[in-house]
Amino acid sequence: MLDDVDLLVCGAGPVGCVVAERAATVLGWKVLVVDRRPHVAGNCHDSHAANGVLVHNYGPHYFRTDDEQLLRYLSRFADFVPANYEVRSQVRGELYPFPINLTTLERFFGRSLDTASAERLLAERRLPIANPTNSEEYVLSRVGRELYEAFYLNYTLKQWGVHPRALDPQVCGRVPVRLDRDARYVGHRFQVMPNGGFTKLFVRMLNHRNVRTLLNCDFSEVRTLIRPRRATVYCGPIDAYFDNRLGQLPYRSLRFDFVSHETEWRQPCVQINYPNDYGYTRSVEIKHVTGQRHPETVVSYETPTAEGEPFYPVPRRESAALYARYRELAEAETARNRVYFCGRLAQYRYFNTDEVIQEALACFQTIRRRCAAAPPA
Ligand code: UDP
């Protein structure tokens with residue numbers, strides 16, 4: 001088994017599953033996927049709680065994309081159902097639509113508004129910062145201090161354990177500000193969920209006669225034993241691949257507490273954010289968007305932590321500089337040993353699920369091109 005591998009894939013998350021499926025289907029390669037966890041789907045993993053409610057074990061994954069072709073590809077492995085990603089933020093004991101929209105502004109400032117008057121109201125409050133260099137400046141330049149302090153400052157402190165001033169502008173820049181009544185969390189064309197869950201989708205993806213999957217298996221257990229004939233795709237933390245030889249990259253971790261309720265619904269929408277209350281950042285009742293109908297429910301409470309599994313790369317200048325040095329090592333490793341680094345941890349970059357799948361498809365095309373030009377090892 002170990003000497004019959006064209007492609008070795010470390011990580012059975014979205015990237016690993018997509019690259020494995022493509023290599024097996026398109027090129028007929030023999031693929032071995034290893035993952036140290038006892039399940040596939042990486043952080044997209046979902047499972048049924050004791051009461052039968054489908055939950056996202058590692059936090060909510062709201063699938064959205066503008067890429068119709070990508071959705072068509074994924075639809076080979078699952079049916080997709082429409083999903084309504086609606087989030088509210090609890091501020092001063094009240095639930096406001098979040099991202100900030102016209103309704104949020106009306107209720108927060110206690111006056112009725114239309115798009116033009118809301119624009120004037122924000123124009124009076126925005127700080128004149130032409131080129132924000134961090135998340136605090138970014139938000140101040142978009143909405144001013146009152147909204148920043150009510151909705152962003154403490155949430156970001158809790159989420160990242162550092163001040164928004166220490167984070168790149170795109171951290172808070174992920175969240176839009178709207179001057180209409182659109183209450184959806186994101187504006188993408190397709191907002192859908194795989195019917196039956198992500199894990200089912202990725203299990204189907206790996207269900208190919210050329211693909212073998214080894215769970216509960218750390219990459220370190222196989223990296224010296226297996227010499228794949230064509231390539232390796234590594235989706236783990238880039239610093240760990242190189243034994244942290246340049247120092248450890250910072251990651252933010254999360255703890256999830258799941259609470260079951262013998263009632264059909266517990267909260268009015270899928271996610272409630274708590275910028276200024278509690279130790280957790282948000283409560284998620286994922287049943288709102290999975291399409292499951294069930295008489296009971298489960299709510300998860302998400303608490304950011306410094307220690308634990310690496311979830312988020314920390315987007316700030318110092319970590320980008322350290323990552324750039326690891327990136328150089330990775331490029332040499334690709335050239336020398338055909339090891340490709342792909343995914344959130346391997347590229348030290350925050351990707352949404354659709355984006356990371358696009359990365360995986362691009363990685364597969366690169367491997368395919370290079371391997372067509374070079375004989376197998
Ligand atoms: N954020 C915030 N208040 C909120 C929600 C988000 O300040 O109510 C900031 C926070 O820094 C967060 C970032 O915006 O890390 C991106 O939010 P998003 O909801 O996209 O985070 P994710 O769901 O990816 O963790």
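Trainee: In which order do the five strands of the open parallel sheet stand?

Mentor: The structure is a predicted model. In this model, five strands make up an open sheet whose pairing is parallel. Read across the sheet, their order is 10-2-1-11-17.

Trainee: Which strands stand at the edges of this sheet, each with a single partner strand?

Mentor: An edge strand here has a single partner strand, so one side of it is left without a neighbour in the sheet. From one strand to the next, the twist averages 15°. The strands at the edges are strand 10 and strand 17 (339-341).

Trainee: Which residue is the bridge partner of C10 in strand 2?

Mentor: Strand 1 (residues 7-10) pairs with strand 2 in the parallel sense, over four bridges. Within strand 2, the bridge partner of C10 is V34.

Trainee: What is the strand order of the open sheet with mixed pairing?

Mentor: Seven strands form this open sheet, and the pairing is mixed. Its edge strands, strand 8 (94-98) and strand 16 (312-313), each pair on one side only. The order is 8-7-13-14-15-12-16.

Trainee: Which residue of strand 8 stands opposite S89?

Mentor: Strand 7 (residues 87-91) and strand 8 are paired over five bridges, in the antiparallel sense. Opposite S89, in strand 8, stands Y96.

Trainee: Within what arc do the buried residues of helix 8 fall, seen down its axis?

Mentor: Helix 8 (residues 198-206) has F198, T199, L201, F202, M205 and L206 buried. Viewed down the helix axis, these buried residues line one face of the helix, because they fall within an arc of 160°.

Trainee: Which strands are included in what covers the buried residues of helix 8?

Mentor: The cover includes two helices as well, helix 1 (14-26) and helix 2 (68-74). Strands are also included in it, among them strand 2 (31-34) and strand 3 (46-48). Also included are strand 9 (190-194) and strand 10 (211-214).

Trainee: What radius of gyration does the protein chain have?

Mentor: The protein chain has 13 helices and 17 strands, and its C-alpha atoms fill a box of roughly 70 × 50 × 35 Å along the principal axes. For 377 residues, a compact globule would have a radius of gyration near 21 Å, which agrees with the value for the chain, 22 Å.

Trainee: Among contacts between residues at least 6 apart in sequence, what percentage join residues at least 24 apart?

Mentor: Of the 377 residues in the protein chain, 41% are buried. Among contacts between residues at least 6 apart in sequence, the share that joins residues at least 24 apart is 74%.

How values were computed: Residues are numbered from 1 along each chain as its sequence is written. This is a predicted model: local features need pLDDT of at least 70, side-chain atom pairs count only at pLDDT 80 or more; totals for chains, interfaces and linings use all residues. A residue is buried if 20 or more other C-beta atoms lie within 10 Å of its own, exposed if 12 or fewer, and partly exposed in between; C-beta atoms are placed from the backbone. The arc is that of the directions from the helix axis to the C-beta atoms. Two residues are in contact if their C-beta atoms, placed from the backbone, lie within 7 Å. The radius of gyration is taken over C-alpha atoms; the globule rule is 2.2 Å times the number of residues to the power 0.38. Two strands pair if DSSP finds at least two bridges between them. Axes are lines fitted to C-alpha atoms, for helices over the stretch in contact, and angles run from 0 to 180 degrees between N-to-C directions.
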